[in-house]
Amino acid sequence: MSFPLFHRPGAIVFLDDDPAYLEMLAMVLPRQWHVKLYLRPQTCINQLQQEPPLWEADAWTQQEMIERWRTGSPLIPQVLNYWASHTARFGLARVCVFDYAMPGMDGLQALGELTDWPGGRVLLTGQADEHVAVSAFNRGLIDQFIAKQTVDISQHLITVIQRMLAQPQIRYSQIWRAALTQPQHALLQVPSVARQLASLASSHWVEHVVIGQPFGILGMDADGRASWLQLESAAGLADLAELAESQGLKAAAADDIRAGRHLVDLELQQALGQPGPARLIPAFSIGHEGTLLGALFPVELAASPPGLTGYKHWLKKHGRRTVRD
Amino acid sequence: MIRTLWSSPGAWVRMWCARIRAELLQEQLVLILHPSRWRLRWLGLFTLVGHPLFGWIWGQWLPQPYESPALRAVMGTLGLLLISESITNDPSSKLSARIFSVVFWIQLPVFFSWMYLCNNGNTVWLASFCAMVLIYYHVTDWRAATLGTVSGALLAWTLFQAFGPAVSPMSQQQFSINAVVIAFSWASAMLLGLSSANLRREHLQHTLTTMGIMAHELRTPLATMSLIGDAVRNESRQVKEPGGGQRLDQLVVRLHTLVRNMNQQIDTQIANARLLRLPTHRESVAAAALLRNVVKDYPYRNSRERESVVLVLRKDFSFESSYRLFAQVINNLLKNAFRALAATSSAAKPGDLRIEVGVLNGYGRIIVTDQGTGIAPELQARIFEPFFSTDRGTGHGLGLAFCQQVVEGAGGSIRVKSEPGRGAIFIIELPILR
C-alpha cells in the first residue's frame, strides 16, 4: 500500500429496505464514522447524485492552493484556512453499501444510476444472489460484495469499509503529487516508510496533507488540533543545521540537528509567518532504511485560523444517525 | 431483442434449434410418469384383465379377421410384472423404470401395430392404434414414447412380413385415410406430452422458487438478529457506563419484537401453503373488530408504516367465515400494500394505506387502498392465480390466491382496481350475516 498524500474522513452511505437492519447498523458501526442510512433507493440516489459537482468544486479549491503556492504563497496556512472554511468536506460520501434485494429497484440498478459518483461501492447480498454479485464485480460495477449471512458481519463490514477509506483517492493524489519533488515522492513510496507514516497518521490525525516545501505532513486530530510532522532526509540534515545556525541557534543545537538527534521547526515558523524562538524536538527515524527522520511539532493555537473546529465538532452537529425514509 | 431476431432469421433458427436441443437432450428423462405404487398396480391390473377381455370381445363376441388367444395370454401375463413387489415397492428405481418401459413397449406399440397389420388396418384397429398412441404418451416420457412407437411399429412390420397372415392389399384411398388419422393422433399425443412435461417442470420450478423466497424472508430478520448480537456484545463492554443498562434493555425489546415478527411471518407462510385444504370451520365474524385487531397487531417495520394506515369504519357488519383465516387475508393485503409503498420513491404519508369498512347494496365491503406502485393492467387478471407474482424476486404468488380462496369460501368476492404508478384498490364484498 502507498501512503495517501491527502486523506480525510467522509460519510458512509447505507441503503437497505429493512428499517430494523439500518437501525442496528446505526448502533454497531464505529462512533467516529459519519453514517447516512437510506430506506428508499430514489432518495439515496438523489442525494448521492448531488455530490459530483461538490467533489469537483472541492478538487478545484485544492488545485488553486497548489497554483497559489507556485506563485509564492506557502501551503501550510492555505491548508489550515481550507480546513477552517470548508467544513462541508466531511459530509461527502466515500463509500456506499447497497442491499441487493429491494422492492422496486435492486441494488445493482441503484448503483447503475450513480455514474459520476466517485466513491467506493459495496453490494450486500443473500446467498441466492451471489452469482449476480460475482458477475457485477467482474464487470467492475462494484468494488466488493458481502453476503448478509457472513458470520460476524458487522466486524467484516467495518474491516472492508476501513480498508476502502484508507485507500488514496486518485484525484487528490494527483493534485498533491505536484507539491512534492521526485526524491521526496520516492521516499514516501518506500514500504517501511509508508507503513510507519500510515500508523503515525492514524494514531494522531483524522485528516492530513503531505507537502514538499517545507517537506512534511500537516495533520489535524478529531478535536481540531493541528500538528506538523517535519520530515527530513538524512542528506538534508547538514543544510538544516546551517539554517539553524544562521537563525542564531547555538552550535550544540546545530550539532544535534546534524547528528539527527533533533529537528527544528524553523521552516514551519517561516511558512506561518510567525517567527518566534525556534523549537527543538527529538527526532525519530521513519522506516528501516534510516534515510528519513521526523519530528512532530504542534501548531500553536495562535497560528490556527478561527473556525478550525475539527471533525468531532462537525460530527456532533451533523452526525445523528437516523433512517431516512 | 424481438426486432433483431426478426431481422436476422439465422439467429431465430439458431435460437429454436438450441431450444429444441435442450428440450430433447438436457431435460431429465422420466420413464414412469407419476411413479406411484397404486398407479403401477392399477396399470398392471388393467393389463392383466384387459388383454383376455378384449381377446374375448374381438375373438368371440364381435369377431375381427385376426385374433390370437395365445398372444393375449402373453400380454396379460406382462401385467403381473407391474404388480410384482420388486417394482411396486420402489417405483422410482432404475430397475422399475426398465421393466416398466419394456412391458409397455411390448404391449403397446409392438402388439398394437402387429394387430393393426394383421387386421389389415380395419376400423376397430385403426381406432385402437390411435388410442394406444395417446395412452403411450400418458404413461411415459414423450421422447421415450416417440422412440418406442417408431421402433415398435418397425419391429411389428418386420414380424408381420415374416410370420403374419396373408391379407389383401389395402386400397390407395383407405391407406391415405388411415395415414391421416394416425398422423393426427400421433401429433396430438406428442404435443400434449411435450406440454405436460413443460407444465410439470414449471410446477416444480414454482414450488422451488416459493421455497427459496420463504427461506429468504426468514433470512432478512436473521441478518438483523445477527447485528443485534454484535450490538449486545459492544454494549456489554460498556454496561457500567451511564445509560448502558438501558441500551441493553432496548436491545432485548428489539430481539423480542423480531422473534414475534418472524413467528407471524412463519404463520403467514404456513397459512398460505395450505391453500388447497383450508379448514372449513365457520363462525360469525364482525368486520370492524377484526380489522381493528389486525391493524393493531400487524408487524409494522417502523412507526412510519404504522402511521400510514388509516382505518375508516362507515358501517360495521358481520359475515360467516373463519376469524383466523380472514385475519390472514387482511394481513396478506397489508403486506402487499406495504411492499408496493416501499417500492415508491417517497416516504409513506398517513392515509397512504386506507382500509374502509362499509355496506353497499346489501353487501358488506372491505376496501384496502394503497398509494403504491400499482399493478399493470395485463397483470391484474392473473394476480389471484397461485404462484403468479408481479415481483418474482420477493413475492411467492400465494398470498392473493389464499385471499381469494378464503373470501370465496365465505360466499364473497375479491377484485382489484389499479393503474401503474397510481396505487391499487382491493375490494372485498361479503354477504352479510343477519
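Which residues are buried in helix α15 (residues 399-409) of chain B? In this predicted model, the buried positions of α15(B) are Gly399(B), Leu400(B), Ala401(B), Phe402(B), Cys403(B), Val406(B) and Val407(B). The elements that cover these buried residues include two helices of chain B, α10 (244-273) and α13 (323-342), together with the strands β3 (318-321), β6 (413-418) and β7 (424-431) of chain B. Just after α15(B), the backbone at Gly411(B) adopts a positive phi of about 80°.

Elsewhere in chain B, helix α3(B) packs against helix α6 (residues 94-118) at an angle of about 35°, and the axes of the two helices lie 13 Å apart. The crossing of α3(B) and α6(B) is left-handed. From α3(B), the residues Leu40(B), Leu43(B), Thr47(B) and His51(B) meet Phe100(B), Phe104(B), Gln107(B) and Phe111(B) of α6(B). By character, the residues in this contact of α3(B) with α6(B) comprise five nonpolar and three polar residues, with no charged residue.

A second helix pair was examined in chain A, where helix α3 (residues 51-70) and helix α4 (residues 75-85) pack at an angle of about 160° with their axes 10 Å apart. Because angles over 145 degrees count as roughly antiparallel, α3(A) and α4(A) are roughly antiparallel to each other. The crossing in which α3(A) passes α4(A) is right-handed. On the side of α3(A), the contact is formed by Asp58(A), Thr61(A), Gln62(A), Glu64(A), Met65(A), Arg68(A) and Trp69(A), while α4(A) contributes Leu75(A), Gln78(A), Val79(A) and Tyr82(A). The residues of this contact of α3(A) with α4(A) divide into five nonpolar, three polar and three charged.

Between the two chains, 27 residues of chain B are in contact with 25 residues of chain A. Together, chain B and chain A bury about 2,300 Å² between them, and 57% of this area is on carbon and sulfur atoms. Within chain B, the residues that lose the most area to chain A are Arg219(B), Leu227(B) and Arg301(B), which together account for 25% of what that side buries.

Several features of the backbone fall in loops. Most residues other than glycine have a negative phi, and most peptide bonds are trans. In chain A, a cis peptide bond with omega of about 0° joins Gln213(A) and Pro214(A), and Pro214(A) is placed in the loop between β7 (207-212) and β8 (215-220). Asp152(A), a residue other than glycine, has a positive phi near 55° and is found in the loop between β6 (144-147) and α7 (153-166) of chain A; with a relative accessibility of 31%, Asp152(A) counts as partly exposed. In chain B, a positive phi is likewise found at His34(B), where the value is near 50°. His34(B) is located in the loop between α2 (9-26) and α3 (37-61) of chain B, and its relative accessible area of 48% makes His34(B) partly exposed.

A further loop residue of chain B, Asp316(B), lies between β2 (309-313) and β3 and is partly exposed, with a relative accessible area of 44%. When its neighbours within four places in sequence are left aside, Asp316(B) is in contact with Ala286(B), Ala287(B), Ala288(B) and Val359(B). The C-alpha atom of Asp316(B) is separated by 41 Å from that of His203(B), a residue 113 residues away along the chain.

Key: Residues numbered from 1 in each chain as written. Chains lettered and ligands numbered in written order. Predicted model: local features only at pLDDT ≥ 70, side-chain atom pairs only at ≥ 80, totals over all residues. Heavy atoms only, no water. Axes fitted to C-alpha atoms, helices over the stretch in contact; angles between N-to-C directions. Helix = DSSP H or I, 4+ residues; strand = E, 2+ residues; numbered from the N terminus. Parallel < 35°, antiparallel > 145°, perpendicular 65-115°, else oblique. Left-handed = near helix turned anticlockwise from the far one by under 90°. Contact = heavy atoms within 4.5 Å. Nonpolar A, V, L, I, M, F, W, Y, C, P; charged D, E, K, R; others polar. Buried < 20%, exposed > 50% of the residue type's maximum accessible area, 1.4 Å probe, protein only. Buried area = accessible area lost by both parts, 1.4 Å probe.
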